[in-house]
Amino acid sequence: RFVVFGGGLALTAYGAYEMYRVVDVGGVSVLKWVLLVLFVANFSWIALAFSSAVVGLFWLLFRAPKRQSAPTSLSSKTAVVMPIYNEQPSRVFGAVQAIAEDVAKTGLGAHFDYFFLSDTTNPDIWVAEERAFLALRRRLGDNFRIFYRHRPKNTARKAGNIGDFVSRWGGLYPQMVVLDADSLMTGHSIVSLAAAMEADPDSGIIQTLPLIINRNTLFARQQQFAARIYGPVIAAGLSVWMGRDGNYWGHNAIIRTKAFADHCGLPDLRGRPPFGGHIMSHDFVEAALIRRAGYAVYMLPVLGGSFEESPPSLIDLAARDRRWCQGNLQHIRVVPSKGLHWAT
């Protein structure tokens, strides 16, 4: 942490000094001060990411553990949950079928139940989901426990969807693997997450590194290539300096269900958006709350077998970033909460 934050601070100070020398030519006006402040704000983020990536690079070269073989036994049940909202049914039901079949190949399929948590509001898609679900159960047979639940109102969005599952059925499962509608995970990755949580009773959330797949536009292919090249280095650096005080990215992770139920309920913030209303970036807040309760939150950056998709165009990416930006603004209301760990 000293290297990451000290290195980021030193780079920022040097960058700020050099930029000041640039704007100082001809005198520093008000607009030049504004430029300098904005530069420092943006450059500090880049500098911190760079110093973290350097640490991650050295960790991958000299300290990273070798990929473990899949566990041969588990002692408890795990729910694999996929929240869906007006998605293409063939995509999400096909993904869960692939996941379930790959988990079954490990010999531990009996320890996993699968849930489609639908918040779909389009009636045509809703009907298509039910048809796809029945077809999936016919294809897989009685050896797979797969369930479908439709919630008529999308209250509190994804956080509310997961919260509804935990309230109704969470008591049956000591842990749950949370997916996104575009998620895909291998059987090795899922059973390894379950084994890791069973072996670590203090763990609250264990996060994987999802890599981007299935992209075909030029913009998305660039995103996919970049994530494959520097994603593992960035993730390793984050994992090293965060340790057991880490973060949660909302999907492709395993969560201790009772700890989540006891400590991760989210309020609606008073006031109007963007600062008030339902918390958009709920995953960051849930990680903060479960860490505050004493449970560890960490990442397994070299586990592998964890995948997602990315927005196909710059416009789609900007729309997603706008939601995240609102969530970041709402974090201003959350940061003063008592008992949060400093790393959070």
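**View 1. Three strands line up in an open sheet in this predicted model.** Read across the sheet and the order goes β5-β10-β7. The pairing here is mixed. Which strands sit at the edges? They are β5, covering 184-185, and β7, covering 211-212. Each of these edge strands has a pairing on one side only.

**View 2. Zooming in on β7 and its partner, β10.** Strand β10 is made of residues 306-308. In what sense do β7 and β10 pair, parallel or antiparallel? They go for the parallel sense, over 2 bridges. To spot one of the partnerships for yourself, find Ile212 and then look to β10, where Glu308 is its bridge partner.

**View 3. Now for a hole inside the protein: the largest cavity.** Searching the whole structure for cavities of 30 Å³ or more turns up 1. How much space lies in the largest cavity? It's about 70 Å³.

**View 4. Meet the residues around the largest cavity.** The lining is made up of Gln207, Leu238, Ser239, Met242, Gly243, Gly246, Asn247, Trp249, Tyr298 and Met299. Two elements, α7 (218-242) and β9 (296-299), each give two or more residues to this lining. Helix α7 hands over the largest share, with 3 residues.

**View 5. Same cavity, but this time check the chemistry of its lining.** How many lining residues are nonpolar, polar or charged? The split is 5 nonpolar and 5 polar, with no charged residues.

Terms used: Residues are numbered from 1 along each chain as its sequence is written. This is a predicted model: local features need pLDDT of at least 70, side-chain atom pairs count only at pLDDT 80 or more; totals for chains, interfaces and linings use all residues. Side-chain values use heavy atoms; hydrogens and water are left out. On a 1 Å grid over the protein atoms alone, a cavity is a set of points where a 1.4 Å probe fits but cannot get out, and a pocket is an open set with protein on both sides within 12 Å along at least five of seven lines; lining residues have an atom within 4 Å of a point. Grid points are joined across faces, edges and corners, and a volume is the space filled by probe spheres set on the points. Helices (H or I, at least four residues) and strands (E, at least two) are DSSP runs, numbered from the N terminus. Ala, Val, Leu, Ile, Met, Phe, Trp, Tyr, Cys and Pro count as nonpolar, Asp, Glu, Lys and Arg as charged, and the others, Gly among them, as polar. Two strands pair if DSSP finds at least two bridges between them.
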